Amino acid sequence: MSDKRAKHTSKSKYTLDRQIPGAFEGETVTRRAFMTGTAHTAGAIAATAFTLPALGFAVGPIFKSTPHRWESVGPVDSFSDTNYIPVVMTVTPNIGEAGKTTVYVRKFNPEIDTDPYDRETPYIAISSRCAHLGCPVRWVDAAERFICPCHGGVYDLLGRRVGGPPVRPLDRFYTRVSGEDVEVGPRFSVNSELRRFSPRDPGQPLDGVGQYLYPSRPGAQKL
Amino acid sequence: MPKLPKLPAPPLPAALQEAPPRPSEGKGPSGPLEDAKQAGITVVDWVDERTSLSGATRWLLFRKVPKGTNWFYTLGSATMFAFLSQAVTGVFLAMYYRPDPAGGAYESIRYVTNDVFLGQFVRGMHKWGSSVMVILVFLHMGRTFFFGAYKYPRELNWVIGVVLLILTMVMSFTGYLLPFDQRAYWATIVGVNINGTGPLIGPYLSDFLRGGSEFGATTLSRFYAIHMLLVPGLLAALIGAHLYLVAKLGTSAPPWQKVEKRSELREAEV
């Protein structure tokens, strides 16, 4: 009785020493432990096999980069350099009205567009997407301001915030002239000094540490 | 006038007398009426013998409740019935709904509202019921808070309740897009962008919700799947856990209820 207990408490790592039936020389893992481990591993592999693809499937669009689209918005002489002309362009194709957005286009004016970042674009195309939470702003001619109907965001002629809750100026689009037509391309965001950044969602500031707190999307492509 | 003793009924002739009831286990065949009487019991017995469900039902439904239990204690059940109403009407709305952003979604809702028999009623139940459910959830939470019913040992049930509250809000948010009218579209734009204002993970969260950088072709079907497959399953499972804990731990007495000591204990104290 006493030596039986002693044998039980001083466990050897070898199954042979523990007198387990059918043990092999040098075997340390019991078959029970091996079977348990195998079953758990097989279950984990099976669960991962359907969870990971499903998760990747749902999360994938975050990392997808969409190709740049250029859309003609009208002949060169239909835009002035003092006032905005609203044009409707398609941001997301094939979903009808929901994929369209209004862009305010104006010819580059060296007297107004004095910021160094503006000089490269022949036309200034300002997005109507409010930088607060994405409502559509409209250009009010009499006030010479962009005004948002949702929460009262107000922007000046260059799209810089002059009132209300927006955290940065209105987004812009790259423009180019192709033949006789003005073409509007991909979107970019600007901070309060009109410095350019890859597009951010509304409500995400780009001044100070903003650009690091709100990183650009992984799929964003440099133009 | 004193009440007269009732006279015994005159004996009926043997032909008019009712036959004595035949015991079911008797030798003769039981009549169809008796079989019908027994049918319900037989079915319940058959199921219970194989599942032992009657014990679980008794455990769930025939609980002791503390003194002072009042109408405020029905808010949880009311919330659950609001959820069940949403689930049932939602299933039937799904028979007509088409998550097609190029006009089909709005058209299918218009069809349900204007053309389907009782369509406006069922859609109205789902639409207004969602607000009812949110209001009831908050009233239920308020009851729990003000009665102190979140305290030991019911903390885990409070935590589950918070998750249920968040999931209810997710349902409200994702369901709002489905009619796909102007209000739905812009409210979703604003809502997704509010999600995007969270630092560091915000941009990824809003991209996940939209299924891309812009409101796109799959945004609506993504919201639809979240609204009718992902979250309802989680809600139902967590409501089950919530109910289990209620039955397991019992409900708490209202805070104004004084403890009544049993008389023998009171004597022993003196």
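**An extended chain and its partner**

Biologist: In this predicted model, chain A has a radius of gyration of 32 Å, where a compact globule of 223 residues would have one near 17 Å. How do you know what a compact globule would have?

Modeller: The rule is 2.2 Å times the number of residues to the power 0.38. For 223 residues that comes out near 17 Å, whereas chain A has 32 Å. The C-alpha trace of chain A also spans about 105 × 35 × 30 Å along its principal axes.

Biologist: What separates the centres of domain 1 and domain 2 of chain A?

Modeller: A gap of 61 Å, taken over C-alpha atoms. Domain 1 covers 2-62 and domain 2 covers 71-213 in the assignment.

Biologist: What makes a residue of chain A count as buried, and what share of the chain does?

Modeller: A buried residue has 20 or more other C-beta atoms within 10 Å of its own. In chain A, 26% of the 223 residues count as buried.

Biologist: How do you know which residues of chain B are in contact with chain A?

Modeller: Residues whose C-beta atoms lie within 7 Å are in contact. There are 26 such residues in chain B, facing 24 residues of chain A. On that side of chain B, α7 (182-196) and α8 (202-210) each supply at least two residues, and α7(B) gives the most, with seven. By class, the side has 14 nonpolar, ten polar and two charged residues.

Biologist: What are the scores of the model?

Modeller: The ipTM is 0.84 and the pTM is 0.84. Chain B averages a pLDDT of 90, and 93% of its residues score at least 70.

Key
Residues numbered from 1 in each chain as written. Chains lettered and ligands numbered in written order. Predicted model: local features only at pLDDT ≥ 70, side-chain atom pairs only at ≥ 80, totals over all residues. Contact = placed C-beta atoms within 7 Å. Helix = DSSP H or I, 4+ residues; strand = E, 2+ residues; numbered from the N terminus. Nonpolar A, V, L, I, M, F, W, Y, C, P; charged D, E, K, R; others polar. pLDDT = per-residue confidence, 0-100. Domains from an automatic or database assignment. Buried ≥ 20, exposed ≤ 12 C-beta atoms within 10 Å, placed from the backbone.
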